Amino acid sequence: MHTKTTLYQEILSSKAAKKKLLAILLDPDKIVRGGLEILAEKINQSPATHLFVGGSTMESVQMDDLILFLQEKIDLPILLFPGNPSQISDKADGILFLSLLSGRNPDFLIAHQVKAAPILKQTQLEIISTGYILVESGAVTAVERVSQTKPLPRDQFEEVLATALAGEMLGSKLIYLEAGSGAKQTVPIEMVRLVAGNIQLPLIVGGGIVSYSQIEAMYAAGADLVVIGTAFENDIHFFEKK
Ligand code: 1GP
């Protein structure tokens, strides 16, 4: 178990030291139980610095079992990346406490958070407030479907930056630019550059990133942490193919 309150400090220190971070996102719905041992082995061999765990329909009881297994096998901080409050597990190290700032659905802006707060209060999880910004990526993604919100258009750079700035001013600790899991197109590189250059907060970028060159391009544009979900899900050897 990683020590409480240090995860965010570690992210800040990494940013200050220009050490780039990489999270593997595991969607519990898509994990094949029989494949967990090999999955853990591949994660351990990968350059990942964090594990994000989250999905759209997962029940917390299964989440507990999965996280306990991962804690035992993998020495990386585990952060929940929840689709809804039922996915909270106190077995993880922390939680990205998301507010979907790009949308105008109050459920995902504040109502789920109100429901989650008393539950989180009972846990030891490190809570990391995250301004979550969905950017259009060519097709309807699960985030759009589940949240019933529209992503921000991919040519509206100023709107995306204004949203990120609002998140920073509201007190988010991280900004997450999201194209959506399995997105056809990533968040535009120039949009990442604009946002990274105008906020102080660590910037997470994810969605549709399927190659090392894209990861490097996101880092070069100013992303502090890149998230890889689908590419690793589809190919467990992804990180061996640098
Ligand atoms: C989704 O940003 C993450 O929330 C990761 O997306 O599955 O496309 O890598 P991918």
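Here a trainee and a mentor talk through the ligand site and a few residues of a predicted model.

Mentor: Since this is a predicted model, local features need pLDDT of at least 70 and side-chain atom pairs count only at pLDDT 80 or more, while totals for chains, interfaces and linings use all residues. Residues are numbered from 1 along each chain as its sequence is written, and side-chain values use heavy atoms, with hydrogens and water left out.

Trainee: Okay, which residues are closest to the ligand, and how many surround it?

Mentor: There are 14 around the ligand, and the closest are Glu178, Ser181, Gly182, Gly208 and Thr230. To be near the ligand, a residue needs one of its heavy atoms within 4 Å of it.

Trainee: What kinds of residues make up that shell?

Mentor: The shell divides into 5 nonpolar, 8 polar and 1 charged. Ala, Val, Leu, Ile, Met, Phe, Trp, Tyr, Cys and Pro count as nonpolar, Asp, Glu, Lys and Arg as charged, and the others, Gly among them, as polar.

Trainee: What makes the pair between Ser181 and the ligand a polar contact?

Mentor: A polar contact is a pair of N or O atoms within 3.5 Å; within protein, one must be able to donate a hydrogen and the other to accept it, and residues adjacent in sequence count only if both atoms are side-chain atoms. An N or O atom in the Ser181 side chain is 2.7 Å from a ligand oxygen, so the pair falls within the limit. Tyr176 has a polar side-chain atom 2.9 Å from an oxygen of the ligand, and Gly229 uses a backbone N or O atom at 2.8 Å.

Trainee: How much of the ligand does the protein bury?

Mentor: Alone, the ligand exposes 300 Å², and the protein buries 97% of that. Those areas come from the Shrake-Rupley method with a 1.4 Å probe; for residues, only the protein chains shown count as cover.

Trainee: Which elements give two or more residues to the shell?

Mentor: Strand E6 (174-178) and strand E8 (225-228) do. Strands (E, at least two residues) and helices (H or I, at least four) are DSSP runs, numbered from the N terminus.

Trainee: Let's leave the ligand. Why is Lys18 called exposed?

Mentor: Exposed means over 50% relative accessible area, buried under 20%, and partly exposed in between (1.4 Å probe, protein chains only). Lys18 has 70% relative accessibility, so it counts as exposed. Lys18 is in the loop between helix H1 (6-16) and strand E1 (21-26).

Trainee: What stands out about the phi of Lys18?

Mentor: Its phi is near 55 degrees, a positive value in a residue other than glycine. Most residues other than glycine have a negative phi. Gln148 also has a positive phi, near 55 degrees, and sits in the loop between helix H5 (142-147) and helix H6 (157-170).

Trainee: Is Asp93 buried or exposed, and how do you know?

Mentor: Asp93 has 4% relative accessibility, so it counts as buried. A polar atom of the Asp93 side chain lies 2.8 Å from the backbone nitrogen of Ile78. Asp93 belongs to the loop between strand E3 (78-80) and strand E4 (94-100).

Trainee: And why is Asp155 called exposed?

Mentor: Its relative accessible area is 56%, so Asp155 is exposed.

Trainee: What makes the Asp155 and Gln156 pair count as a polar contact?

Mentor: Their side chains make the contact at 3.4 Å. Both atoms are side-chain atoms, so the rule for residues adjacent in sequence is met.
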